[in-house]
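Thanks, everyone, for making the time this morning. I would like to walk through one structure with you, beginning with a single residue and working outward to the whole chain.

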Amino acid sequence: MERIAVYPGSFDPITNGHLDIIRRASRIYDKVIVGVLCNGGKNPVFTPEERVCMIRSVTSDIQNVEVDSFTGLLVEFVKAKNAAVIIKGLRTVADFEYEFQMALLNKALNPEYETMFMMTDTKYSYISSSMVKELAGFKGDLTGLVPASIINKIQEKYK
Ligand code: PNS
């Protein structure tokens with residue numbers, strides 16, 4: 001049986017921390033499906049299409065990674081993709097408290113799905129999409145925070 005995992009998030013935009021989790025997860029699972037949430041309540045800067053496009057471009061060298069967007073409940077997306085594992089990255093204790101609650105809620109919604117946590121690489125532990133956007137807003141240097149190939153795309157939004 002194929003081991004399919006879903007890595008969900010807003011990815012507004014994808015960071016090097018996200019990409020590191022995707023790469024590492026792709027070595028553990030047969031297929032990793034990156035799920036971009038369309039209707040989160042966070043007023044995203046990038047459209048779902050832009051976010052999917054950026055993620056596809058920076059993961060194009062990883063054979064077993066797919067990228068798709070979703071609306072509604074994560075467990076429904078996991079079901080639609082025939083997956084059974086939800087991957088979450090953890091950076092801080094604050095992440096853990098929120099993710100612990102989400103994992104329990106998703107378990108209550110569908111006990112067949114497991115949430116697997118992956119610790120961030122320490123060199124990415126301070127990076128978040130919010131920080132990237134704030135820095136981009138101040139015309140700061142995004143080198144090392146996001147994949148080099150999407151820096152222009154992010155900066156364009158803040159011209
Ligand atoms: O990158 P984020 O913003 O931390 O990602 C959060 C995400 C998309 C994983 C989470 O908000 C989510 O799963 N949303 C889908 C709706 C859902 O299933 N919520 C939990 C039950 S109410």
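Is aspartate 95 buried or exposed? In this model, which is a predicted one, aspartate 95 has a relative accessible area of 15%, and because the cut-off for buried is under 20%, the residue counts as buried. Aspartate 95 belongs to helix α4, which covers residues 93–109, and once residues up to four places away in sequence are set aside, aspartate 95 touches Gly89 and Leu90.

Two residues of helix α5 can be described in a similar way. Serine 129 lies in that helix and is buried, with a relative accessible area of 13%, while lysine 133, also placed in α5, is buried at 17%. Which residues does serine 129 touch, not counting those up to four places away in sequence? They are Asp12, Pro13, Thr15 and His18, and for lysine 133, again leaving aside neighbours within four places, the contacts are Asp12, Pro13, Val45 and Tyr158. As a measure of distance across the model, the C-alpha atoms of serine 129 and valine 75 are 23 Å apart, with their positions 54 residues apart in sequence.

Glutamine 155 makes a useful contrast, since with a relative accessibility of 34% it counts as partly exposed. This glutamine is found in helix α6, residues 151–157, and, residues up to four places away in sequence not being counted, glutamine 155 touches Gly140 and Leu142. Its C-alpha atom is separated by 14 Å from that of methionine 131, a residue 24 positions away along the chain.

Let me now turn to the chain as a whole. There are six helices and five strands, and, read from the N terminus, the elements follow the order β-α-β-α-β-α-β-α-β-α-α. The radius of gyration is 15 Å, close to the 15 Å that the globule rule gives for 159 residues, so the chain is as compact as a globular protein of that length. Along its principal axes the C-alpha trace spans about 45 × 35 × 30 Å. Of the 159 residues, 47% count as buried, and the chain exposes about 8800 Å², of which carbon and sulfur atoms supply 55%. Among contacts with a separation of 6 or more, 74% are between residues 24 or more positions apart.

As for annotation, UniProt, in an unreviewed entry, places the feature "domain: Cytidyltransferase-like" at residues 6–134. In the model that span is 40% helix and 22% strand, and its end C-alpha atoms lie 28 Å apart.

What, then, makes up the interior? In soluble globular proteins, nonpolar side chains tend to be buried together. Here the largest nonpolar core has 34 residues, and those touching the most other members are Ile22, Ile55, Ile87, Val146 and Ile154. At least two residues of this core come from each of β1 (4–9), α1 (16–26), β2 (31–37), α2 (48–58), β3 (65–70), β4 (85–90), α5 (129–137) and α6. Another core, of eleven residues, lies apart from it, and includes Ile33, Leu74, Phe77 and Tyr113.

Isoleucine 87 is worth a closer look: with its neighbours within four places in sequence left aside, isoleucine 87 is in contact with Ala5, Val6, Tyr7, Pro8, Ile21, Ala25, Tyr29, Met116 and Met118. For helix α2, the buried residues are Pro48, Glu50, Arg51, Val52, Met54, Ile55 and Val58, and the buried residues of α2 pack against α1, β2, β3 and α6.

I will finish with the cysteines. How many disulfides does the structure hold? The structure holds zero, and cysteine 38 is accordingly in no disulfide, the nearest cysteine sulfur, that of cysteine 53, being 14 Å away. Why is cysteine 53 unpaired? The closest cysteine sulfur to that of cysteine 53 is in cysteine 38, and the 14 Å between them is too far for a bond, because the cut-off for a disulfide is a pair of sulfur atoms within 2.5 Å. As to its surroundings, cysteine 38 is partly exposed, with a relative accessible area of 23%.

Key:
Residues are numbered from 1 along each chain as its sequence is written. This is a predicted model: local features need pLDDT of at least 70, side-chain atom pairs count only at pLDDT 80 or more; totals for chains, interfaces and linings use all residues. Side-chain values use heavy atoms; hydrogens and water are left out. Buried means under 20% relative accessible area, exposed over 50%, partly exposed in between (1.4 Å probe, protein chains only). Helices (H or I, at least four residues) and strands (E, at least two) are DSSP runs, numbered from the N terminus. Contact means heavy atoms within 4.5 Å. UniProt positions are given in the numbering used here, feature names are shortened, and annotations may be inferred rather than shown by experiment. The radius of gyration is taken over C-alpha atoms; the globule rule is 2.2 Å times the number of residues to the power 0.38. Accessible areas come from the Shrake-Rupley method with a 1.4 Å probe; for residues, only the protein chains shown count as cover. A nonpolar core is a set of buried Ala, Val, Leu, Ile, Met, Phe, Trp, Tyr and Cys residues joined through side-chain atoms within 4.5 Å.
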